[in-house]
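Visitor: I've got a model open and I'd like to learn how to read its helix packing and its charged pairs. Could you walk me through it?

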Amino acid sequence: PQGIGSPSVYHAVIVIFLEFFAWGLLTAPTLVVLHETFPKHTFLMNGLIQGVKGLLSFLSAPLIGALSDVWGRKSFLLLTVFFTCAPIPLMKISPWWYFAVISVSGVFAVTFSVVFAYVADITQEHERSMAYGLVSATFAASLVTSPAIGAYLGRVYGDSLVVVLATAIALLDICFILVAVPESLPEKMRPASWGAPISWEQADPFASLKKVGQDSIVLLICITVFLSYLPEAGQYSSFFLYLRQIMGFSSESVAAFIAVLGILSIIAQTIVLSLLMRSIGNKNTILLGLGFQILQLAWYGFGSEPWMMWAAGAVAAMSSITFPAVSALVSRTADADQQGVVQGMITGIRGLCNGLGPALYGFIFYIFHVELNELPMPESASGGSVVTQYHVQQNSIIPGPPFLFGACSVLLALLVALFIPEHTNLNIRSGNWKKHCGSHGHPHSPQAPGEAKEPLLQDTNV
């Protein structure tokens with residue numbers, strides 16, 4: 001296969017790191033451009049932009065996953081990374097086009113589903129939860145330093161340099177995929193020509209949702225993912241804007257917050273996740289992650305001081321163990337030639353949340369009149385940041401109403417997850433898919449005899 005060396009988890013890790021490092025550099029400039037472009041109803045517009053992107057991801061994820069199962073992962077890694085990073089150069093050229101292209105890029109903003117399928121191709125089942133944890137931790141690691149670097153370069157040299165640097169890193173990622181990443185899907189599993197039939201049933205996102213309901217265990221997992229990721233998607237889309245504009249954080253403070261959260265998430269998704277999987281099992285690991293998520297969302301909802309945001313952020317890092325745990329469960333219980341479809345299905349649920357969550361959070365912010373009426377001045381004469389409206393909701397009982405709604409949603413997810421069995425066997429095949437697999441299928445990730453099964457499964461989008 002074309003590429004450097006044999007397919008490995010490290011190829012996938014580098015692809016994810018470069019893509020989200022490029023976007024991380026733009027954290028501070030994006031918040032500024034967003035507020036300058038939409039000075040009124042900033043949170044509402046932010047929610048709508050992210051909402052359209054998420055809904056398009058939901059519609060396209062199953063198709064891209066299914067196509068990657070037939071035509072290979074490399075070409076779809078290239079496609080998703082290219083279109084996900086396409087809006088970056090437009091930030092300084094035309095902010096309106098920048099936000100428009102971000103919305104449309106949701107059609108291909110499903111890099112994670114292709115990467116998880118890539119990892120599933122080349123790992124044994126007992127290695128998969130650790131591999132998924134490494135990929136998720138790499139996503140967090142890419143955001144440890146990039147927002148701080150972007151904020152510093154923007155302050156010293158201007159945002160234009162930051163945009164150029166982010167564009168260069170995105171191009172580097174594309175070149176890396178072209179030159180270095182080998183194909184992970186065995187040749188014998190792929191058809192001889194690009195004209196191979198694809199079952200439109202498995203590519204239709206709504207058909208895949210109907211298929212979810214055919215197996216009660218799949219249904220429980222998907223409901224858990226939906227209820228837990230809906231508030232998480234809304235939170236990720238608006239939280240840094242909330243810190244910057246409402247809680248009075250400076251650009252440097254926001255970057256430091258992301259860095260600390262990223263470091264703690266890396267520790268949680270590698271060392272802590274591995275220990276929990278071995279000691280308490282997959283199901284209990286999921287339940288623990290959901291419990292931490294409820295705590296951090298409630299803390300965000302009632303918190304009115306900056307130190308409360310920092311404390312809740314530390315708890316949020318522990319809640320990040322849920323996503324890789326669910327991914328491990330779903331991939332372990334699906335056949336080797338179905339990994340792209342299964343991951344596409346879960347990513348489709350998350351894509352639906354990426355559409356509904358930000359729009360819902362923006363609407364709740366709008367209902368409760370959480371807005372900044374004036375632009376903050378960049379720097380005061382003494383060199384400190386001046387924020388014209390600080391602690392707007394300080395006297396409110398619930399300073400962050402959407403976060404409290406999110407805590408209630410995750411509580412429901414926790415109740416649903418209680419009914420997921422510790423060991424399960426998923427059956428999501430359709431008749432057409434069985435027929436298709438009869439000619440092209442070939443198991444290449446066998447489970448070692450006597451191996452214990454492990455369960456459960458982001459964001460981040462950032």
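Guide: We'll go through helix pairs, then salt bridges, then one glycine. Keep in mind that this is a predicted model.

Visitor: Let's start with helix pairs. At what angle do helix H1 and helix H4 pack, and how far apart are their axes?

Guide: The general idea is to look at the angle between N-to-C directions, where anything under 35 degrees counts as roughly parallel. Here H1 (residues 9–25) and H4 (residues 74–85) pack at about 5 degrees, and their axes are 11 Å apart. That angle makes H1 roughly parallel to H4.

Visitor: Which residues in H1 and H4 meet?

Guide: On the H1 side you'll find Val15, Glu19 and Trp23, and they meet Leu77, Val81, Thr84 and Cys85 of H4. Sorted by type, the residues of this contact are five nonpolar, one polar and one charged.

Visitor: And what does a perpendicular pair look like?

Guide: For that, you want an angle of 65 to 115 degrees. Try helix H2 (residues 27–37) against helix H12 (residues 216–245): their axes come within 10 Å and cross at roughly 80 degrees. With that angle, H2 is roughly perpendicular to H12. Leu31, Leu34 and His35 are the H2 residues here, and they meet Phe240, Leu241, Arg244 and Gln245 in H12. The contact of H2 with H12 splits into four nonpolar residues, two polar and one charged.

Visitor: Next on my list are helix H8 and helix H13. At what angle do their axes cross?

Guide: Roughly 170 degrees, with the axes of H8 (residues 125–157) and H13 (residues 251–279) coming within 8 Å. Angles over 145 degrees count as roughly antiparallel, and H8 and H13 are therefore roughly antiparallel to each other. If you care about the hand, this crossing of H8 and H13 is left-handed. The residues of the contact divide into 16 nonpolar, nine polar and two charged.

Visitor: On to charged pairs. How many salt bridges does the structure hold?

Guide: Two. When you read one, check the N to O distance, where each partner sits, and whether the partners are buried. Arginine 73 pairs with aspartate 121, and their closest N and O atoms are 2.7 Å apart. Arginine 73 is in the loop between helix H3 (42–71) and H4, while aspartate 121 is in helix H7 (residues 111–122), so this salt bridge ties together parts that are 48 residues apart in sequence. Both arginine 73 and aspartate 121 are buried.

Visitor: What about arginine 155 and glutamate 252: how far apart are N and O in that salt bridge?

Guide: 2.5 Å, N to O. This pair links distant parts of the chain, with arginine 155 in helix H8 and glutamate 252 in helix H13, 97 residues apart.

Visitor: Why do arginine 155 and glutamate 252 count as partly exposed?

Guide: Partly exposed runs between the buried cut-off of 20% and the exposed cut-off of 50%. Arginine 155 falls in that range because its relative accessible area is 46%. Glutamate 252 counts as partly exposed because its relative accessibility is 34%.

Visitor: Last one: is glycine 262 buried or exposed?

Guide: Buried, because its relative accessible area is 5%, and buried means under 20%. You'll find glycine 262 in helix H13. Leaving aside residues up to four places away in sequence, glycine 262 touches Ala140 and Val144. Glycine 262 also lies 9.7 Å from alanine 314, C-alpha to C-alpha, with their positions 52 residues apart in sequence.

Conventions
Residues numbered from 1 in each chain as written. Predicted model: local features only at pLDDT ≥ 70, side-chain atom pairs only at ≥ 80, totals over all residues. Heavy atoms only, no water. Axes fitted to C-alpha atoms, helices over the stretch in contact; angles between N-to-C directions. Helix = DSSP H or I, 4+ residues; strand = E, 2+ residues; numbered from the N terminus. Contact = heavy atoms within 4.5 Å. Nonpolar A, V, L, I, M, F, W, Y, C, P; charged D, E, K, R; others polar. Left-handed = near helix turned anticlockwise from the far one by under 90°. Salt bridge = Lys/Arg side-chain N within 4 Å of Asp/Glu carboxyl O. Buried < 20%, exposed > 50% of the residue type's maximum accessible area, 1.4 Å probe, protein only.
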